[in-house]
Amino acid sequence: MSTPKQTQPATDRTVKEPTLGLADLPLRPELQGAEPYGAPQLDVAIRLNVNENPYPAPAAMSAELGEAAAAEAAHLNRYPDREARALRADLANYLNRTNPGIVPLNADNIWVANGSNEVMTHLLQAFGGPGRSLLLFPPTYSMYPEYARNTHTGVVTAPRAADFSIDLEAARQAIAAEQPAVVMIASPNNPTGTATDPEVLAALVEAAPGMVIVDEAYAEFAREGTPSALELLADHPRLVVTRTMSKAFGFAGGRLGYLAASPAVVDACRIVRLPYHLSALSQLAARVALRHTDALLEKVDALRSERDRLTDWLRGRGYEVAESDANFVYFGTFDDRHAVFSGLLERGVLIRETGPDRWLRVSAGTAEEMAGFRQAMDSVARDLGLPQAVAADQTNAQEASR
């Protein structure tokens, strides 16, 4: 009988890697020292920092979406419609219905992607790139320079006026001097809420040697009578208007952005997109949401009212407030805005430090959320000894005596 082999005691064969940090990786030079984008995601009672729609989807939409997703699950072994034609047609119909003054659009005029972030990236992949530049008008959306960086596109800027509107003459001079491949204008602008006059937009399209992109992420919240750049599309084939379903539709978790432009622009995006970039479930969910447009947009009027009420309240306290056509308000000015931000956070209210120093941005929320913000803001003003605290105390006393 053979003698069994002796079992050797196990040894720790784990190879311990040396600690590796981001700085130790061979990053592209323009990424070295960069931080990932991201607004704070904190578990607080009142979140008014990322311009979300605070109202959940209607019960009927949630039920239809659940049924549709369950049915689609049987087909997830197949790739989605690479061109998303049905969704693009639905979005064209939505724009035609809600903007009756425009030349009618169809699916060939629409492109879709995972949020307007990907739409913008497609556009800069197609029209930006090495040796080309993007003209911006700060203060504006903080992601635009990152889209440019990620597509190897240079960035040049032109100043806004004191009221945050675009200075047309300064813009023309910047275009003449820089010859940007792409001009990017947010209207309404983020973080200020400022809408740009269509006549100014038309003048910039005429002056620009390349593409002009108007980011209308907040267009549905614009005050009555504020026109959309969609009205200019028929006469300006190098104009692109981008939209999102994240805000007015309360579809931020659905991640669906889109653009309206000439069919040639859409074809340019089709060249640079990744294959099957928009999942079948994303396309399905967006189409379901569009079938509930009327119910979803009912809350837009309520948010407009809260925005306007908040604007009046802040001005009544002595704060400076930018004119807003979006679902947020930009206000100031503060010697130490971070102290105000921190004071509000301590009271369970999260807003946003963004754009020029001394200014803060607060999203429009439900009536209850806005009441909580106003109460917290008055409390912070008293604690910090802000001049507005005197006006606040007087107003509170008057209201209490009624």
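At what angle do helix H9 (residues 293-316) and helix H11 (residues 367-384) pack, and how far apart are their axes? In this predicted model, the angle is about 15° and the axes of H9 and H11 are 11 Å apart. An angle under 35 degrees counts as roughly parallel, so H9 and H11 are roughly parallel to each other. As for handedness, the crossing of H9 past H11 is right-handed. On the H9 side, the residues that take part are Glu306, Arg309, Leu310, Trp313 and Leu314, and they meet Ala367, Met370, Phe373, Arg374, Met377 and Asp378 in H11. Sorted by class, this contact of H9 with H11 has 7 nonpolar and 4 charged residues, with no polar ones.

H9 also has a sheet to deal with. It lies across strands S9, S10 and S12, and runs at about 10° to S10. These 3 strands make up an open sheet in the order S9-S10-S12, and the pairing is antiparallel. Strand S9 (320-321) and strand S12 (359-363) sit at the edges with a single partner strand each, so one side of each has no neighbour in the sheet. Between S9 and strand S10 (residues 328-332) there are 2 bridges, and the two strands run antiparallel. Across this pairing, Val321 stands opposite Phe331 in S10.

Then there is the sheet of 7 strands. This one is open as well, its order is S2-S8-S7-S6-S5-S3-S4, and its pairing is mixed. Its edges are taken by strand S2 (110-113) and strand S4 (154-157), each of which pairs on one side only. Neighbouring strands in this sheet are turned against each other by 25° on average, with direction ignored. At the S2 edge, the partner is strand S8 (residues 257-260): the two pair in the antiparallel sense over 4 bridges. Here Val112 stands opposite Tyr258 in S8.

Back to helices, and to another pair. Helix H1 (residues 59-72) packs with helix H8 (residues 280-291) at an angle of about 150°, and the axes of the two are 10 Å apart. Since an angle over 145 degrees counts as roughly antiparallel, H1 and H8 are roughly antiparallel to each other. Their crossing is right-handed. H1 brings Met61, Glu64, Leu65, Ala68, Ala69 and Glu72 to the contact, where they meet Ala280, Leu281, Leu284, Ala285, Val288, Ala289 and Arg291 in H8. Of the residues in this contact of H1 with H8, 10 are nonpolar, 3 are charged and none is polar.

One more helix pair is worth a look. The axes of helix H5 (residues 168-178) and helix H6 (residues 198-207) come within 10 Å and cross at roughly 15°. H5 and H6 are therefore roughly parallel to each other, and H5 passes H6 in a right-handed crossing. Leu168, Ala171, Arg172 and Ile175 of H5 make the contact together with Val200, Ala203, Leu204 and Ala207 of H6. That gives 7 nonpolar residues, 1 charged and no polar ones in the contact of H5 with H6.

How confident is the prediction? The mean pLDDT of the protein chain is 92, and 92% of its residues reach 70 or more. Residues 396-402 are another matter: pLDDT stays under 50 over this stretch, for which the model has 3 contacts beyond four places in sequence.

Methods. Residues are numbered from 1 along each chain as its sequence is written. This is a predicted model: local features need pLDDT of at least 70, side-chain atom pairs count only at pLDDT 80 or more; totals for chains, interfaces and linings use all residues. Side-chain values use heavy atoms; hydrogens and water are left out. Two strands pair if DSSP finds at least two bridges between them. Axes are lines fitted to C-alpha atoms, for helices over the stretch in contact, and angles run from 0 to 180 degrees between N-to-C directions. pLDDT is the predictor's confidence in each residue, from 0 to 100. Contact means heavy atoms within 4.5 Å. Angles under 35 degrees count as roughly parallel, over 145 as roughly antiparallel, 65 to 115 as roughly perpendicular and the rest as oblique. A crossing is left-handed if the near helix is turned anticlockwise from the far one by less than a right angle, and right-handed if clockwise. Ala, Val, Leu, Ile, Met, Phe, Trp, Tyr, Cys and Pro count as nonpolar, Asp, Glu, Lys and Arg as charged, and the others, Gly among them, as polar.
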